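Hello,

Here is the structure I promised to pass on to you. Please have a look at it first, and then read my notes below.

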Amino acid sequence: MHEPVMSFDHVSKHYRGGTVAVEDFHLDIADGEFVSIVGPSGCGKSTLLKLIMGLEPLTGGRIEYRAQARKESAMTGMVFQQPLLLPWNTVLDNVLVPSTLQGRAQRRRDEGRARELLDMLGLTDFAGSHPYELSGGMQQRVGIARALLHDPRILLMDEPFGALDAMTRDQLTLDLLEIWERDRKTVVFITHSISEAVLLSDRVVVMTPRPGRVGDVVDITLPRPRTLDVVSTAAFGEYTRRIRSVLDNAEVVTAP
Amino acid sequence: MTAPSPHSPPPGRTLTVRREAGDTVNRRRLSDLPGWLLSSTTVLILLTIWEVSVRTFDVSVILFPAPTRIVEALVEGFTQGPFLRHTWVTLQEIIYGFGIAVVAGLLVAVWVSSSRLAEKIVLPIVVVLQTVPKVALAPLFLVWFGFGIESKILTTALIAFFPILVNATLGFNSTSGDQVNMMRSFGATRLQILTRLRLPTAVPSIIAGLDVAVVLSVIGAIVAEFVGSQAGLGYLIIASNTSLDVATMFAALVVLSVIGLVLHYAVVLGGRRLAFWSEENRARSVAN
């Protein structure tokens with residue numbers, strides 16, 4: 001493996017009151033790698049992203065990542081489970097939020113780029129609309145465009161399709177694959193859907209709950225570019241079975 | 001007892017329901033008419049009844065002047081009398097008092113909602129102060145700040161301050177933690193989170209507070225004038241009460257109502273423009 005761009009070195013996160021969200025989490029991620037972290041709810045997988053972003057302090061270990069960028073906030077782009085758009089802003093202004101925070105001049109410079117992203121995500125005609133005029137799937141596309149605005153090398157996604165209906169979810173998953181194929185960003189993708197993780201990833205990290213530990217790391221060697229057809233192949237089924245068995249065994253162990 | 005066989009049909013004949021276009025009779029109802037038309041017609045009818053009863057039963061002008069008599073007093077008061085001067089005084093008290101309440105209320109709300117220490121110290125005090133009937137302080141303000149316009153402005157400001165503070169604090173605190181994390185992940189500073197996220201999120205709630213406060217401002221100004229003053233519509237009411245000029249009292253009441261109504265609609269319409277995106281306002285635009 002090449003020099004990792006992101007490394008978790010025995011990371012742990014204990015909350016006051018004794019809840020252990022993450023325990024001894026160890027992982028190296030290579031440049032351009034698509035890594036999914038799967039696990040049942042409450043296994044601390046979303047906490048990992050908050051730790052990466054510095055939204056919460058670690059209680060043990062070290063996280064390190066490097067990327068070419070003008071400033072720290074442009075190294076990473078984050079997509080959340082909810083679109084978290086600002087309802088008083090238009091779609092275009094929502095995509096430009098990261099620029100607006102750096103002043104008007106930056107916003108003006110980035111407007112062209114924002115419009116390109118809206119074109120790419122099929123939102124050309126909605127640049128002037130407000131979030132409440134958009135469907136859930138379209139709102140999440142705006143959230144993705146916003147995360148891509150500064151062209152970050154590292155994309156962090158926290159169950160981005162979890163709140164969407166099945167058909168919208170499939171479409172957005174395919175769109176994400178296509179976006180990723182263009183410039184192969186490093187992606188950390190949190191999900192509780194095993195098939196979503198296998199379809200998208202180079203590697204799937206299976207987390208076991210309470211405390212959140214790495215249960216298994218599965219290399220996915222399915223050929224790329226992938227389409228939805230890959231879901232019905234035997235290899236795909238084998239991967240999902242293996243991941244599910246890790247999760248099932250973990251449940252048995254943690255049951256009282 | 002025999003169990004029913006599983007395939008026996010339930011008793012009764014076969015019924016058929018068929019629905020076709022244009023089945024229901026579209027009877028026109030009175031409630032289909034627009035609300036403003038219905039309510040203004042009702043008011044007109046009531047005014048007519050009032051006018052007719054006063055004339056037929058020859059009710060004393062001192063007890064109950066007819067609507068036409070009140071209109072007369074109103075026109076006379078504005079053209080020859082002192083109405084314009086008194087209205088201007090009261091309007092100033094309301095606007096300055098309301099303005100002070102808005103600025104102070106918003107500042108304290110920002111302070112309370114951005115510091116946990118301030119919240120713990122200030123909020124309990126606010127809750128206690130809120131139960132104090134603020135108008136009862138008007139005589140005290142008269143002693144402290146004199147018979148002039150200042151004591152009225154301060155009474156008005158005090159009354160209008162609390163609903164603004166409470167609603168604005170509620171609004172500032174209604175921002176979700178996820179939204180704050182989103183802004184922080186894109187590099188927002190604390191000040192940017194306040195101005196670009198928390199303040200706009202609070203707008204619908206602030207507007208609700210302003211609406212309550214603007215109506216209370218009118219009450220505050222009038223009560224303060226009742227307590228002791230040399231000018232203003234409240235003063236006019238007290239003065240005309242002494243001379244049993246009931247028509248002028250009613251006329252002053254009409255002017256006050258118009259002031260309250262105009263200010264209320266100014267806040268409501270301004271609020272709808274500012275908070276066009278809020279769920280409440282969108283529900284309204286769907287209903288209309």
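These notes go through chain B and then turn to its contact with chain A. Please keep in mind that this is a predicted model.

Let me start with the record. An unreviewed UniProt entry annotates residues 33–50, 94–114, 121–147, 153–174, 206–227 and 247–268 of chain B as "transmembrane region". I looked at two of these stretches in the model. Residues 206–227 of chain B are 100% helix and 0% strand, with 30 Å between the end C-alpha atoms. Over residues 121–147 of chain B, helix makes up 70% and strand 0%, and the C-alpha atoms at the ends lie 35 Å apart.

Next, a pair of helices. In chain B, helix α3 (residues 83–114) packs against helix α6 (residues 149–172) at an angle of about 35°, and their axes are 6 Å apart. The crossing of α3(B) and α6(B) is right-handed. Where α3(B) and α6(B) meet, the contact has 22 nonpolar, six polar and two charged residues.

Now to the two chains together. How many residues of chain B are in contact with chain A? There are 13, and they meet 14 residues of chain A. On the chain B side, the elements that give two or more residues are α7 (177–185) and α8 (190–227). Of the elements on that side, α7(B) gives the most, with six residues. By class, the chain B residues touching chain A are five nonpolar, five polar and three charged.

Enjoy exploring it, and do write back with any questions.

Best wishes

Key
Residues are numbered from 1 along each chain as its sequence is written. Chains are lettered from A and ligands numbered from 1 in the order in which they are written. This is a predicted model: local features need pLDDT of at least 70, side-chain atom pairs count only at pLDDT 80 or more; totals for chains, interfaces and linings use all residues. UniProt positions are given in the numbering used here, feature names are shortened, and annotations may be inferred rather than shown by experiment. Helices (H or I, at least four residues) and strands (E, at least two) are DSSP runs, numbered from the N terminus. Axes are lines fitted to C-alpha atoms, for helices over the stretch in contact, and angles run from 0 to 180 degrees between N-to-C directions. A crossing is left-handed if the near helix is turned anticlockwise from the far one by less than a right angle, and right-handed if clockwise. Ala, Val, Leu, Ile, Met, Phe, Trp, Tyr, Cys and Pro count as nonpolar, Asp, Glu, Lys and Arg as charged, and the others, Gly among them, as polar. Two residues are in contact if their C-beta atoms, placed from the backbone, lie within 7 Å.
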